[in-house]
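Q: I would like a close look at the side-chain interactions in this model. Please take them in a connected way, going from the pairs within a chain to the relation between the copies.

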Number of protein chains: 2
Amino acid sequence: MAELLKGAAVVAALNEKMTAEITNLKSKGVSPTLAILRVGERPDDISYEKGAMKRCETVGVAVKNIVLPADVTQDVLIQNVESLNNDKGVHGVLIFRPLPKHLDEEAVRKALKPEKDIDGITDGSLAGVFTGNGNGFPPCTAQACMEILDFYKVNCAGKRAVVIGRSLVVGKPAAVMLMGKNTTVTVCHTKTVDMPAVARTAEILIVAAGKANAVTKEYLAPGQIVVDVGINMTADGKLCGDVKFDDAEPIVGAITPVPGGVGTVTTSVLVSHVVEAAKKLL
Amino acid sequence: MAELLKGAAVVAALNEKMTAEITNLKSKGVSPTLAILRVGERPDDISYEKGAMKRCETVGVAVKNIVLPADVTQDVLIQNVESLNNDKGVHGVLIFRPLPKHLDEEAVRKALKPEKDIDGITDGSLAGVFTGNGNGFPPCTAQACMEILDFYKVNCAGKRAVVIGRSLVVGKPAAVMLMGKNTTVTVCHTKTVDMPAVARTAEILIVAAGKANAVTKEYLAPGQIVVDVGINMTADGKLCGDVKFDDAEPIVGAITPVPGGVGTVTTSVLVSHVVEAAKKLL
C-alpha cells in the first residue's frame with residue numbers, strides 16, 4: 001500500500017505561508033495582484049483561469065482579467081503586455097498559451113518584463129532555472145513537483161531520479177531543479193530505449209509523459225516515490241494520470257494521486273509567485 | 001585499442017567551413033571581428049587569449065583587444081562593454097571571467113548584448129541552450145563536445161549518455177544538448193552515489209569532473225565513447241585529462257586525447273560563433 005502524496009496538504013501549507021506574507025504586504029500598502037491575459041475563449045484556458053482566480057481569492061491576492069478577442073492583432077496584444085509591464089498595481093502576469101496561430105508568441109514572450117513573469121516563460125526566468133541563480137520564476141508545474149517532495153520531506157540528495165518527459169514546462173526544469181538538490185538525474189523521452197528498465201532504477205520517478213496510463217508495472221520498483229504530473233481524460237469522462245495507478249499502488253512506496261496531486265499544487269505555486277514578485281518591490 | 005577522437009581533424013573541418021563563410025562575408029563588406037576584453041594579467045586568461053588570437057588569424061577573423069587594469073572601476077568596465085555593444089565593427093565579445101572580486105560580474109553579464117555573446121554567458125544564450133530554440137550561443141566547451149561527436153559520426157539518438165559534472169560551462173549545457181539529440185542523459189556530480197556503476201551504463205560518457213585522472217577503469221565499459229573535457233597539470237608539468245587514459249585506452253571504444261581533444265576544438269567553436277554572429281547581420 002503506497003503512501004498517498006496528496007496535494008491538498010501541500011496547498012494548505014503554502015496558503016498558510018502566503019497568508020502571513022500577504023498580511024504583511026498589505027500592512028505596507030502593497031496589495032499583491034495577478035493579471036491574467038487571455039486571448040479568445042479556449043475552454044482549457046477558462047477552466048485554469050477559474051481555478052487560479054478562486055485560489056487567489058482564498059489567500060487575498062487580487063486579480064485583474066484582460067480578455068482579448070481571438071482575432072486580436074499582434075500590435076494590440078503587445079500594447080496590452082506593455083501596459084501591464086508599466087502598471088505598478090500589477091505584480092505578476094499570466095498569459096495563456098498557445099496563442100492563436102496568427103500571433104507571434106516569441107515576440108509576446110520577449111515583451112513581458114521578467115520581474116512580472118510569474119509563469120516562467122521569459123529568457124530571464126528560463127536562464128534562472130537553468131543556472132539555479134534564483135532569477136525570475138520557474139515554470140509552476142515543475143516547481144509544484146519540488147514543493148510536493150519538500151513537503152513530504154523526501155531527501156533528494158544522492159538519490160537517483162528519473163524524469164520521464166523533456167518539455168520546457170515540466171521535464172527539463174524539474175530535472176535541473178533536482179540536480180540542484182544533489183539528485184542524480186536521468187531524463188527519458190520518446191526516443192529512450194527500454195524505458196521501463198531505466199525507470200525501474202529510479203528512487204524518485206517524475207512522470208510527465210503526456211499520455212494516459214503510459215507508466216505501467218514494468219516501469220516500477222518497490223519503494224519508489226512517484227510524482228505523476230499527467231492529467232488526462234478517460235473515455236468515460238474521468239481524470240487519470242500518466243501512471244496506471246492500480247499498477248503502481250501495490251508496488252511503489254509513495255505516489256501523488258490524479259486528481260488531487262500535482263495539478264492542485266501548481267495553481268498555488270502560481271499564486272505564490274505573485275506574492276514573491278510583490279515582496280521584491282518592498 | 002580505442003579509436004582516438006583527435007580534435008585536430010574536427011578543427012580542420014570547422015576551419016574549412018569558416019573560411020568559405022568568411023570569404024563570402026568579406027565579399028559583402030563584412031569583416032568578422034572578435035573583441036577580447038580582459039581585466040588584469042591572469043596567466044590563464046593571457047594563454048587562452050593567445051590561442052584564440054592565433055586561431056582567429058588562421059581563418060581571417062579580426063581581433064580587437066581591450067585590456068583594463070586589474071583595479072578598474074565597475075563604471076569604466078561597464079562603459080567598455082557598452083562601447084563594444086555599440087561598435088558595429090565588433091561581432092562577438094569575449095569577457096574573461098572570473099573578474100577581480102571588487103567587480104560585479106552579474107552586472108557585466110547583463111550589460112552585454114545577447115547578439116554579441118559568443119561565449120554563452122547572457123540570459124539570452126543560457127535560455128537558448130535550455131530551450132534549444134537556437135537563440136544566442138551555447139558555452140563553447142559544451143558545444144565542442146557535440147562537434148566532436150558530430151564529426152566522428154556518433155549517432156546519439158536513443159543512446160544512453162552519462163555526463164559527469166553539472167557546471168554551467170560544460171555539464172548542464174552538454175546534458176541539455178544531448179537531450180536535443182534524442183540521447184537518454186544522466187547527470188552525475190560529487191553527490192552521486194556509486195558513480196562508477198552509473199558511468200558504466202553509459203554508451204557515451206562525457207567527463208567534466210574537473211579533477212585529474214578521476215575516472216578510472218571501474219567507471220568504464222567496453223565500447224564506450226568517452227569525451228574527456230578535463231585539462232589538468234600533473235606534478236611533472238604534463239597535461240592530463242579527467243580520465244585516466246591508460247585505464248581507458250584498452251577498455252573503451254573511442255576516446256578524446258588530452259591534450260589534443262576537446263580543448264583544441266573549443267577555441268574553434270568560439271571563432272565560429274563570431275562568424276555566425278557576423279552572418280546574422282547580413
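The answer below goes through charged pairs, ring pairs, one loop residue and the relation of the two chains.

A: The model is a predicted one, and every distance and accessibility below is computed from it.

A region named in a record gives a frame for part of what follows. According to an unreviewed UniProt entry, residues 139-280 of chain A carry the annotation "domain: Tetrahydrofolate dehydrogenase/cyclohydrolase NAD(P)-binding". Over residues 139-280 of chain A, helix accounts for 35% of the chain and strand for 17%, while the C-alpha atoms at the two ends are 18 Å apart.

Turning to the charged side chains, the count over all chains comes to 24 salt bridges. One of them joins A:D150 to A:K181, with the closest N and O atoms 2.7 Å apart. A:D150 belongs to helix 6 (residues 140-151) of chain A, whereas A:K181 sits in the loop between helix 7 (171-180) and strand 6 (184-188) of chain A, so this pair ties together parts that are 31 residues apart in sequence. Neither end is classed as buried: A:D150 has a relative accessibility of 41% and counts as partly exposed, and A:K181, with a relative accessible area of 25%, is partly exposed as well.

A second salt bridge in chain A links A:E105 with A:R97, where the closest N and O atoms are 3.8 Å apart, a value that still falls within the 4 Å cut-off for a salt bridge. A:E105 counts as partly exposed because its relative accessibility is 27%, and A:R97 counts as partly exposed at 32% relative accessibility.

In chain B, the side chains of B:K279 and B:E276 meet in a salt bridge with an N to O distance of 3.2 Å. What separates this pair along the chain is 3 residues, about one turn of the helix, since both B:K279 and B:E276 lie in helix 10 (residues 262-279) of chain B. The accessibility of B:K279 is 31%, which places it in the partly exposed class, and B:E276 is likewise partly exposed at 27% relative accessibility. In chain A, salt bridges that share partners join A:K17, A:E21, A:E276 and A:K279 into one network.

The aromatic side chains come next. A search of the whole structure finds 5 aromatic pairs over all chains. Among them is the pair of A:Y48 and A:F96, which is edge-to-face, with 6.1 Å from centre to centre and 90° between the planes. A:Y48 lies in helix 2 (residues 43-59) of chain A and A:F96 in the loop between strand 4 (92-95) and helix 4 (105-111) of chain A, so the pair ties together parts that are 48 residues apart in sequence. The two partners fall into separate accessibility classes: A:Y48 counts as partly exposed at 28% relative accessibility, whereas A:F96 counts as buried at 8%. Another edge-to-face pair is formed by A:F151 and A:Y152, with 4.9 Å between the ring centres and 85° between the planes. Here A:F151 is partly exposed, with a relative accessible area of 32%, and A:Y152 is partly exposed too, with a relative accessible area of 21%.

One ring also takes part in a contact across the two chains: A:K172 lies over the face of B:F130, at 6.0 Å from the ring centre.

A residue of chain B shows how a loop position can be enclosed. B:L112 is found in the loop between helix 4 (105-111) and helix 5 (123-131) of chain B, and B:L112 is buried, with a relative accessible area of 2%. Leaving aside its neighbours within four places in sequence, B:L112 is in contact with B:V81, B:N85, B:V93, B:I95, B:D117, B:I121 and B:T122. Of these partners, B:T122 is 10 residues from B:L112 in sequence and 7.1 Å from it in space, C-alpha to C-alpha.

Finally, there is the relation between the copies. Chain B can be laid on chain A by a turn of 180° and a shift of 0.0 Å along the axis, with an RMSD of 0.0 Å. The two copies are thus related as by a two-fold rotation axis. B:T186 comes closest to that axis among the residues of chain B, with its C-alpha at 2.0 Å. Of the interface residues of chain B, 100% are also interface residues in chain A, so the copies meet through the same surface.

Key: Residues are numbered from 1 along each chain as its sequence is written. Chains are lettered from A and ligands numbered from 1 in the order in which they are written. This is a predicted model: local features need pLDDT of at least 70, side-chain atom pairs count only at pLDDT 80 or more; totals for chains, interfaces and linings use all residues. Side-chain values use heavy atoms; hydrogens and water are left out. UniProt positions are given in the numbering used here, feature names are shortened, and annotations may be inferred rather than shown by experiment. Helices (H or I, at least four residues) and strands (E, at least two) are DSSP runs, numbered from the N terminus. Buried means under 20% relative accessible area, exposed over 50%, partly exposed in between (1.4 Å probe, protein chains only). Copies are superposed by least squares on the C-alpha atoms of residues with pLDDT of at least 70 in both. Contact means heavy atoms within 4.5 Å. Rings of Phe, Tyr and Trp (its six-membered ring) pair if their centres lie within 6.5 Å; planes under 30 degrees apart count as stacked, over 60 as edge-to-face and the rest as tilted. A charge sits over a ring if NZ of Lys or CZ of Arg is within 6 Å of the ring centre and within 35 degrees of the ring normal.
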